[in-house]
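Work through these exercises with the structure open beside you. Try each task before you read its solution.

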Amino acid sequence: MSVADNLQEVRCEIAEITQRFARPAESVRLLAVSKTKPVEDILAAYAAGQRLFGENYVQEAVDKHQQLSSYADIEWHFIGPIQSNKSRQIAETMAWVHTIDRDKIARRLSEQRPADMPPLNVLIQVNISDEASKSGISLDQLDDMVSLVMALPNLRLRGLMAIPAPQVSEAEQIQVYQPLKQAFQALQQQYPDVDTLSIGMSGDLAAAIASGSTMVRVGTAIFGARNYA
Ligand SMILES: *Cc1c(COP(=O)(O)O)cnc(C)c1O
């Protein structure tokens, strides 16, 4: 199947799920995760109307941003881990970053955001599965991280992101998302700019949308299997 066909299928699936959980139509945005895939695939998705693309590796993200610089309405999202020596490249190219989980990285991104660009939209990554090896802050640390990000002039806090450990059933997936959903709703009540909950991948779209996702991140189902990563 072509990228355009896959994209159409994923859109239909999202529409069906939003309806099933009585979420408003169009309340869930689709981020097409194009990591490891060539720019031709991105252009095929673009031709089919896709505008939000997610990348995980800094050099690859910067290269694709450069190659596709004439497509000004592509919205580039960085969704991978960030090393501090790479923060400048991210600050100079991306529209969004989903993986804020360290004070130092947040400060650097704000300092390095060029003055002629709008503030960088950021999501705080939360570790909801309590896996020591995984990225993301715990929910206990959320208030401190929110205060820090709010104080940084060139970052605009838009919400939260998580990558939960795989669960066996949809009911378990929904249960794991509950504390995050509550934290997101509390944040939204406090800050009108907060509008994005980035949860849901190919394996748990329904549970994520049931739990209030406003942005799902889908790679394989759109672009096919990856050879690495
Ligand atoms: C790769 C990736 C995805 C997409 O995963 P697929 O299984 O290819 O749909 C979503 N979110 C993050 C953070 C990723 O790294």
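**Exercise 1. The second largest pocket**

Task: Find the volume of the second largest pocket, then describe its lining.

Solution.
- Step 1: Start with the volume, which is about 320 Å³. Keep in mind that this is a predicted model.
- Step 2: Look at the lining. It has 13 residues, and the closest to the pocket's centre are Arg11, Glu26, Val28, Arg29 and Leu30.
- Step 3: Assign elements. Helix H1 (3–20) and S1 each give at least two lining residues. H1 provides the largest share, four residues.
- Step 4: Sort by class. Six lining residues are nonpolar, three are polar and four are charged.

**Exercise 2. The largest pocket**

Task: Do the same for the largest pocket: give its volume and describe its lining.

Solution.
- Step 1: The volume of the largest pocket is about 420 Å³.
- Step 2: Its lining counts 25 residues; Asn56, Ile79, Met161, Ile163 and Arg217 are the closest to the centre.
- Step 3: By class, this lining holds 10 nonpolar, nine polar and six charged residues.

**Exercise 3. An annotated lysine**

Task: Place Lys35 in the fold, and decide whether Lys35 is buried or exposed.

Solution.
- Step 1: Check the record. An unreviewed UniProt entry lists Lys35 for "modified residue: N6-(pyridoxal phosphate)lysine".
- Step 2: Locate the residue. Lys35 sits in the loop between strand S1 (29–33) and helix H2 (39–47).
- Step 3: Apply the cut-off. Buried means under 20% relative accessible area. Lys35 has 14%, so Lys35 is buried.
- Step 4: List the contacts. Leaving out residues up to four places away in sequence, Lys35 touches Gly54, Glu55, Asn56, Tyr57, Glu60, Lys64 and Arg226.
- Step 5: Link back to Exercise 2. Asn56, one of these contacts, is also among the residues closest to the centre of the largest pocket.

**Exercise 4. Two positive phi angles**

Task: Alanine 22 and threonine 36 each have a positive phi. Which loop holds each residue, and is each one buried or exposed?

Solution.
- Step 1: Read the angles. Phi is near 55 degrees for alanine 22 and near 70 degrees for threonine 36.
- Step 2: Find the loops. Alanine 22 lies between H1 and S1. Threonine 36 lies between S1 and H2.
- Step 3: Judge alanine 22. Its relative accessibility is 67%, so alanine 22 counts as exposed.
- Step 4: Judge threonine 36. Its relative accessible area is 17%, so threonine 36 is buried.

**Exercise 5. The buried side of H3**

Task: Which residues of helix H3 (residues 58–67) are buried, and which elements do they pack against?

Solution.
- Step 1: The buried residues of H3 are Val58, Glu60, Ala61, Val62 and Lys64.
- Step 2: They pack against H2, strand S2 (52–55), strand S3 (75–78) and helix H4 (87–93).
- Step 3: Compare with Exercise 3. Glu60 and Lys64, both buried in H3, are contacts of Lys35.

**Exercise 6. The nonpolar cores**

Task: Describe the largest nonpolar core, then a second one.

Solution.
- Step 1: The largest core has 63 residues. Those with the most contacts inside it are Val97, Leu109, Ile124, Val149, Leu160, Leu180 and Ile222.
- Step 2: Helix H7 (residues 170–190) gives the largest share of this core, six residues.
- Step 3: Follow Ile222. Not counting residues up to four places away in sequence, Ile222 touches Val3, Asn6, Leu7, Val10, Leu30 and Ala32.
- Step 4: A separate core has eight residues, including Leu31, Leu52, Leu123 and Met161.

Conventions
Residues are numbered from 1 along each chain as its sequence is written. This is a predicted model: local features need pLDDT of at least 70, side-chain atom pairs count only at pLDDT 80 or more; totals for chains, interfaces and linings use all residues. Side-chain values use heavy atoms; hydrogens and water are left out. UniProt positions are given in the numbering used here, feature names are shortened, and annotations may be inferred rather than shown by experiment. Buried means under 20% relative accessible area, exposed over 50%, partly exposed in between (1.4 Å probe, protein chains only). Contact means heavy atoms within 4.5 Å. On a 1 Å grid over the protein atoms alone, a cavity is a set of points where a 1.4 Å probe fits but cannot get out, and a pocket is an open set with protein on both sides within 12 Å along at least five of seven lines; lining residues have an atom within 4 Å of a point. Grid points are joined across faces, edges and corners, and a volume is the space filled by probe spheres set on the points. Ala, Val, Leu, Ile, Met, Phe, Trp, Tyr, Cys and Pro count as nonpolar, Asp, Glu, Lys and Arg as charged, and the others, Gly among them, as polar. A nonpolar core is a set of buried Ala, Val, Leu, Ile, Met, Phe, Trp, Tyr and Cys residues joined through side-chain atoms within 4.5 Å.
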